[in-house]
Amino acid sequence: MLARDRIVREIHDHGGWISFARYMELALHSPGTGYYAGGSRQFGAEGDFVTAPELGTLFGRTLARQLEQFPDLPILELGAGSGALAETIDREYFILETSAALRARQEERLGKRVKHLDRLPGRWRGIIIANEVADAMPVHLVGWRADGVMERGVAFRNEKFHWEERPATGGLREEARKIRVPLPYESEIGLAARAWMRTLCEHLEHGLILVVDYGFPRGEYYHPQRATGTLMCHHRHTAHADPFARPGDEDITAHVDFSALAGAARAAGADVLGFATQAQFLVNCGITEVLGEANAENALVYAPIAAQAQKLLSPAEMGELFKVLAVGRGITAPLLGFSRGDRSHAL
Ligand SMILES: C[S@@+](CC[C@H](N)C(=O)[O-])C[C@H]1O[C@@H](n2cnc3c(N)ncnc32)[C@H](O)[C@@H]1O
């Protein structure tokens with residue numbers, strides 16, 4: 001069955017309307033038909049997007065310097081994609097991956113050194129890493145209108161998906177009312193990402209969680225000028241804004257509201273340990289020293305590594321838009337990656 005048919009059936013079974021969050025969940029994560037069920041063809045130069053670990057080893061080797069502050073803690077990576085980061089970081093390493101196809105790809109690439117978990121351990125002592133995972137969590141779409149808060153959902157008529165609004169209810173309405181925006185305004189609310197963070201923190205007995213992704217603190221996320229939200233689709237390195245175009249066959253993402261993640265962590269009794277741009281975090285971790293280890297006299301070796309640094313650090317590329325959030329429990333030492341330019345106060 002195609003993702004599109006699966007979604008149409010779901011809309012039909014639910015009286016003609018589903019929330020956008022459900023649409024996104026089915027389009028991305030439905031076993032067998034969702035985008036991430038399709039294996040790793042999405043990753044890399046031939047795919048739909050390139051993530052930091054996919055660029056090469058510079059990101060992972062620099063991140064490893066932060067991890068070295070806690071040499072005894074094992075690593076648990078969530079949503080490991082093609083397994084590139086796990087390959088770079090030489091530590092006791094676990095992966096929790098929701099896509100069966102990607103899990104098989106990771107097992108093939110990484111062999112026995114890495115253990116796959118089927119679920120989050122009841123109590124975890126260690127470091128959790130999630131790079132570009134939070135942006136793949138289903139988001140609810142909200143319209144703030146003069147006559148109230150509406151939830152934007154999906155209907156199907158005349159062989160096409162259509163937007164259809166209903167008054168927002170329950171937790172969504174509550175969250176939407178906390179957000180101050182000029183009317184009219186449309187954006188996303190990541191209820192699933194909040195719940196995910198809360199669950200991670202509840203299971204974290206001791207250690208830290210590093211979330212790396214594109215996004216903003218709340219004040220920038222719901223900025224008056226961002227009045228149509230951040231939802232984006234990615235297909236073969238082209239970005240567009242129509243999530244109905246190719247359900248199951250392309251990536252759908254939203255930027256991450258880091259204030260919401262920090263709030264969910266605090267509500268679960270965890271501490272916010274740092275928040276910085278990816279560029280600042282990597283510089284603090286010593287990316288220039290990692291670069292210095294490369295043979296700068298051999299242009300053939302050096303040029304690709306310098307190109308990775310440019311992509312990771314440049315404000316026009318990933319440097320500013322991508323952020324690193326660290327939350328934890330029982331960690332008192334200041335983290336290397338936030339030694340300068342920590343922006344936790346902006347959350
Ligand atoms: C955009 S990819 C990023 C992959 C990799 N971290 C990287 O940076 O290249 C998103 C990954 O998260 C996985 N994923 C999505 N939701 C997840 C969840 N709730 N728990 C664990 N993995 C998840 C997907 O299957 C995929 O492997």
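**Exercise 1. The shell around the ligand**

Task: Determine how the residues of the shell around the ligand divide into nonpolar, polar and charged, and which residues are closest.

Solution. The shell around the ligand holds nine nonpolar, seven polar and three charged residues. The model in which this ligand sits is a predicted one. In total, 19 residues surround the ligand. The closest of them are T51, G79, E97, T98 and N131.

The next step considers individual atoms. In the side chain of E97, an N or O atom is 2.5 Å from an oxygen atom of the ligand. For N131, a polar side-chain atom lies 2.7 Å from an oxygen atom of the ligand. G81 takes part through its backbone: a polar backbone atom of this residue is 3.2 Å from an oxygen atom of the ligand. The last step concerns cover: on its own, the ligand has 600 Å² of accessible area, and the protein covers 93% of that area.

**Exercise 2. A salt bridge between two helices**

Task: Locate the two partners of the salt bridge between R65 and E289, and state whether each is buried, partly exposed or exposed.

Solution. Side chains of opposite charge can pair when their charged atoms come close. Here the side chains of R65 and E289 meet with an N to O distance of 2.7 Å, which satisfies the limit of 4 Å for a salt bridge. R65 belongs to helix α4 (residues 58-67), and E289 belongs to helix α12 (residues 287-292). The partners are 224 residues apart, and the pair links distant parts of the chain.

For accessibility, the partly exposed class lies between the limits of 20% and 50%. R65 has a relative accessibility of 23% and therefore counts as partly exposed. E289 is also partly exposed, with a relative accessible area of 48%. By the same distance rule, the count for the model comes to 21 salt bridges.

**Exercise 3. Two further pairs and a network**

Task: For the salt bridges R152 to E165 and R218 to D257, state which elements are tied together and which partner is buried.

Solution. In the pair of R152 and E165, the side chains meet at 3.8 Å, N to O. R152 lies in strand β7 (residues 148-157) and E165 in strand β8 (residues 160-167), so this salt bridge ties together parts 13 residues apart in sequence. R152 is buried, at 14% relative accessible area, whereas E165 is partly exposed, at 31%.

In the pair of R218 and D257, the side chains meet at 2.9 Å, N to O. R218 lies in helix α9 (residues 218-221) and D257 in strand β14 (residues 256-257), so parts 39 residues apart in sequence are tied together. Here R218 is partly exposed, with 23% relative accessible area, whereas D257 is buried, with 8%.

Salt bridges also form a network, which links R6, E10, R22 and E25.

**Exercise 4. Two serines in loops**

Task: Describe the surroundings of S30 and S314, and state whether each is buried or exposed.

Solution. S30 lies in the loop between α2 (20-29) and α3 (52-55). Its relative accessibility is 6%, so S30 counts as buried. Leaving aside residues up to four places away in sequence, S30 touches R6, E25 and A37. Two of these names, R6 and E25, recur from the salt-bridge network.

S314 is found in the loop between α13 (299-313) and β16 (322-329). S314 is buried as well, with a relative accessible area of 11%. With the same residues left aside, S314 touches A309, G319 and E320. In addition, a polar atom of the S314 side chain lies 3.0 Å from the backbone nitrogen of A316.

**Exercise 5. Backbone features in loops**

Task: Identify where the cis peptide bond lies, and where E132 and R236 are placed.

Solution. The cis peptide bond joins L183 and P184, with omega about -10°. P184 is placed in the loop between α7 (170-177) and β9 (185-189).

The next step turns to phi. E132, a residue other than glycine, has a positive phi near 55°. E132 lies in the loop between β5 (124-131) and β6 (140-145), and E132 is buried at 16% relative accessible area. R236, which is not a glycine either, has a positive phi of about 45°. R236 lies in the loop between β11 (232-235) and β12 (238-240). At 55% relative accessibility, R236 counts as exposed.

Definitions and conventions:
Residues are numbered from 1 along each chain as its sequence is written. This is a predicted model: local features need pLDDT of at least 70, side-chain atom pairs count only at pLDDT 80 or more; totals for chains, interfaces and linings use all residues. Side-chain values use heavy atoms; hydrogens and water are left out. Helices (H or I, at least four residues) and strands (E, at least two) are DSSP runs, numbered from the N terminus. Buried means under 20% relative accessible area, exposed over 50%, partly exposed in between (1.4 Å probe, protein chains only). A residue is near a molecule or strand if one of its heavy atoms lies within 4 Å of it. A polar contact is a pair of N or O atoms within 3.5 Å; within protein, one must be able to donate a hydrogen and the other to accept it, and residues adjacent in sequence count only if both atoms are side-chain atoms. Accessible areas come from the Shrake-Rupley method with a 1.4 Å probe; for residues, only the protein chains shown count as cover. Ala, Val, Leu, Ile, Met, Phe, Trp, Tyr, Cys and Pro count as nonpolar, Asp, Glu, Lys and Arg as charged, and the others, Gly among them, as polar. Contact means heavy atoms within 4.5 Å.
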